[in-house]
Amino acid sequence: MLLNCHDRRSAVYCRQLTADADTMRTLIVGLGNPILSDDGIGIRVAQAVHERIGAAEAEFLEASQGGLRLAEQLEGYDRVILIDAIQTRGGVPGAIYRLTLEDMPSYNTDGAHDASLKNALQLIRQQGGRTPDADAVAIIAIEAVNMLDFGETLTPQVEAAIPAAVQAVLGTLEAILLQGRWRPAHCERHTEFQHICGEGQEQST
Amino acid sequence: MQRISIDPITRLEGHGKIEIFLDDLGNVANTYFQIPELRGFEQFCVGRPVEEMAVLTNRICGVCPEAHHMAAAKAADAVFHVDPPRPAKLLREMLYSAFYCADHTTHFYALGGPDFVMGPDAPVAQRNILGVIHKVGLEIGGKVITMRKYGHHTIEIIGGRKVHPCTSIPGGLSKGITKEQRDEIEPMARWAVDFALFSLQLFKDIVLKNQGYVDMILGDIYTHRTYYMGMVDTNNKVNFYDGKVRVVDPDGNEFVKYSPNEYKDVIAEHVEPWTYLKFPYLKKIGWKGFVDGKDSGVYMATPLSRLNASDGMATPRAQEAYEEFYRTLGGKPVHQRLAIHWARLVELLYAAERWVELVTDPEITSDNFRTIPTETPTEGVGIVEAPRGTLTHHYVTDERGLIRKVNLIVGTTNNYAPITMSIKKAAASLIKAGAAPSEPLLNMIEMAFRGYDPCFGCATHSLPGQMPLEVTIRNALGEVVDVLKQCC
């Protein structure tokens with residue numbers, strides 16, 4: 001498999017990617033609603049990442065639903081990066097967060113007519129389905145402003161965050177491909193939902 | 001005055017918020033169920049070709065895009081004054097039956113069922129689908145996954161896509177199905193019938209054989225006497241895809257039966273200052289407030305409503321289940337809101353049986369799946385029964401078919417008034433002066449509306465900053481005196 005070894009990557013790294021890529025499947029998901037203003041940010045970032053690296057290192061998916069329906073779409077993959085909008089209390093528009101499944105509340109976060117994503121993945125796993133381990137699911141979330149008005153454009157602060165969000169996804173992809181899980185050792189748990197990393201583009205609020 | 005705030009509601013789409021205000025004695029003074037309203041949809045649609053609406057509107061709701069797809073397709077048929085050929089109607093209804101099976105299954109096993117299977121006072125961490133599986137058996141999980149998989153696969157075959165179907169166009173469909181696809185679908189439909197029968201038996205074993213649950217269902221806390229709405233066929237049997245909308249009064253007598261283009265003669269909307277969402281009511285009765293009874297224009301549109309508004313089910317086993325339902329609960333109409341869960345399973349069986357009927361119809365693989373529209377587009381209304389209630393799409397176009405006006409009444413909106421009433425009654429019954437609210441008690445208040453399966457999310461899946469259930473109790477000065485949290 002021919003890989004696009006971009007950025008700071010070494011030949012050793014690329015060889016490892018090649019070996020892993022033959023057996024492990026990686027999925028990048030843009031999650032949200034593209035006609036509901038900033039709820040489309042996840043899809044926009046996923047599209048930008050796809051344009052940047054192509055489909056050699058990961059497959060791409062646009063999804064609008066969480067919970068069971070999202071978990072069903074993750075079946076068969078070993079590593080997943082979800083890109084989504086977020087609204088935190090007092091959050092700075094365009095701020096970028098790296099989250100894990102463990103950071104997500106048990107309820108209602110992501111498909112509340114059925115189950116949390118974490119429980120939905122466990123349900124599929126219980127039935128013999130192949131799903132990514134919890135620590136192989138990374139979530140890149142971008143602080144949104146407007147989630148109530150129908151529209152196909154992002155607010156300026158959120159639009160401006162796309163390049164940094166793309167970098168965050170690429171950094172996460174690198175970590176997840178190298179380590180088999182996403183969370184780099186230099187990341188520290190900062191708050192209930194937030195991880196602050198020693199490098200990269202992620203910003204705390 | 002104290003204020004108890006449940007924000008947001010667990011296990012429900014969107015960001016609903018319940019506020020319970022207590023008086024100085026600690027009794028419930030009032031309750032408010034507030035939800036954010038999505039804005040600007042009509043403006044977003046104006047100028048777009050009406051045939052796009054079936055694809056565009058299924059983006060409104062992440063939970064039931066199939067329902068919007070169908071209502072929009074039927075409204076576009078009406079705009080173009082075209083009646084799709086029978087095979088097209090069969091295919092659309094088959095897609096819709098498969099969708100119903102997946103959706104009703106998910107609600108029962110993941111959302112409504114845990115309250116009964118695990119019990120309303122079970123630890124919150126166990127009141128979910130994994131808890132149900134742990135208690136009832138691992139094979140349940142496999143059945144739920146299979147039912148969803150079969151439903152979604154059938155949707156994909158007919159609708160072109162697994163999540164957002166795109167094949168319904170004015171006058172019918174853009175493609176039919178092959179005999180090979182028909183042969184692939186049929187065993188899935190037959191499996192769904194067995195699964196629905198299994199689910200009904202499970203409900204009987206777990207809920208109806210538990211006297212405590214039966215008492216809870218039949219108790220006054222969860223009972224309201226209102227009007228009921230649902231779509232029926234020419235024999236007044238429940239139909240999800242086509243027919244007239246029938247409304248019965250609290251005694252079960254027919255109040256009105258209307259065609260889609262008559263909906264504005266029947267439905268009006270009331271505005272309250274504390275919420276952006278409007279409250280639909282029966283225009284001829286009038287808005288009398290959040291009250292029960294024949295003189296109040298409040299109506300409900302749910303699985304239970306559809307059963308109440310009909311004279312039965314159009315398939316044999318579902319008819320048997322329908323008869324048992326009313327025989328057990330004391331005749332028609334049933335006013336106990338917790339019976340919505342049982343009614344949903346009766347509908348699951350009907351949807352599965354109907355799925356089999358449709359896939360075995362000789363015309364299902366016909367090439368005659370579209371009538372090309374020839375008339376000038378003007379205005380049209382399309383109505384289907386969404387799982388959560390009657391769904392109405394109304395479009396007005398110019399002579400080129402470009403949208404001028406849009407009006408939607410979505411399933412849950414119909415139920416906004418009865419949900420509000422159910423919350424208030426449950427809160428007033430369960431919260432007693434001087435007693436601190438507990439988590440199980442708050443869950444029992446949530447159960448008052450969970451049966452309605454209200455859906456306000458409309459495909460917004462933003463990760464929240466703070467999602468666990470949080471209850472804040474304030475004294476008369478607005479000071480926080482206690483905070484209860486359900487930890488994630």
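## A partly exposed loop residue in chain A

In this predicted model, A134(A) counts as partly exposed because 14 other C-beta atoms lie within 10 Å, and a buried residue would need 20 or more. The residue belongs to the loop that runs between helix 4 (117–126) and strand 5 (137–143) of chain A.

Leaving aside residues up to four places away in sequence, A134(A) touches L101(A), E102(A) and K118(A). For K118(A), which is 16 residues from A134(A) along the chain, the separation of the two C-alpha atoms is 7.5 Å.

## Backbone features in loops

S37(A) is not a glycine, yet its phi is positive, near 50 degrees. This serine is placed in the loop between strand 1 (26–31) and helix 2 (41–53) of chain A. S37(A) is classed as buried because 27 other C-beta atoms lie within 10 Å, where 20 or more suffice.

A positive phi also occurs at N236(B), again a residue other than glycine, with a value of about 65 degrees. N236(B) sits in the loop between strand 6 (227–232) and strand 7 (244–248) of chain B. Is N236(B) buried or partly exposed? It is partly exposed, because its 18 C-beta neighbours inside 10 Å fall below the 20 required of a buried residue and exceed the 12 that set the limit for an exposed one.

Chain B also contains a cis peptide bond, from K332(B) to P333(B), with omega near -15 degrees. P333(B) is located in the loop between helix 11 (316–329) and helix 12 (340–359) of chain B.

## Composition and domains of chain B

Chain B comprises 15 helices and 17 strands. Of its 488 residues, 57% are buried. When contacts between residues at least 6 apart in sequence are considered in chain B, 69% of them join residues at least 24 apart.

The chain is divided into domain 1 (2–36 + 420–485) and domain 2 (224–335). Contact between these domains of chain B involves seven residues of domain 1 and six residues of domain 2. On the domain 1 side, strand 3 (28–34) and helix 14 (416–430) of chain B are the elements that give two or more residues. Helix 14 of chain B provides the largest share of that side, with three residues. By class, the side of domain 1 that touches domain 2 in chain B has four nonpolar and three polar residues, and no charged ones.

## Two open sheets of chain B

One open sheet of chain B has three strands in the order 12-13-14, paired in the antiparallel sense. Strand 12 (379–386) and strand 14 (403–409) of chain B are its edge strands, each pairing on one side only. On average, and with direction ignored, neighbouring strands of this sheet are turned by 15 degrees against each other. Helix 3 (residues 65–79) of chain B packs on the sheet, where it touches strand 12 and strand 13 of chain B; the direction of the helix makes about 155 degrees with that of strand 12. Six bridges link strand 13 (residues 389–397) and strand 14 of chain B, which are antiparallel. Within this sheet, T392(B) has I409(B), in strand 14 of chain B, as its bridge partner.

Another open sheet of chain B consists of four strands in the order 8-7-6-11, and its pairing is mixed. Its edge strands, each pairing on one side only, are strand 8 (254–258) and strand 11 (299–300) of chain B. Strand 6 and strand 11 of chain B run parallel and are joined by two bridges. Y227(B) has as its bridge partner Y299(B), in strand 11 of chain B.

## The largest nonpolar core

Which residues touch the most other members of the largest nonpolar core? Among its 201 residues, these are I81(A), I142(A), V169(A), A192(B), V346(B), A352(B) and W355(B). Helix 4 (residues 86–117) of chain B gives the most to this core, contributing 17 residues. Domain 1 (2–36 + 420–485) and domain 2 (224–335) of chain B each supply at least three residues to the core.

W355(B) touches M94(B), S97(B), A98(B), C101(B), A189(B) and A192(B), with residues up to four places away in sequence not counted. W355(B) and its contact A192(B) both appear among the core residues that touch the most other members.

Definitions and conventions. Residues numbered from 1 in each chain as written. Chains lettered and ligands numbered in written order. Predicted model: local features only at pLDDT ≥ 70, side-chain atom pairs only at ≥ 80, totals over all residues. Pairing = 2+ DSSP bridges. Axes fitted to C-alpha atoms, helices over the stretch in contact; angles between N-to-C directions. Contact = placed C-beta atoms within 7 Å. Core = buried A, V, L, I, M, F, W, Y, C linked by C-beta atoms within 7 Å. Domains from an automatic or database assignment. Nonpolar A, V, L, I, M, F, W, Y, C, P; charged D, E, K, R; others polar.
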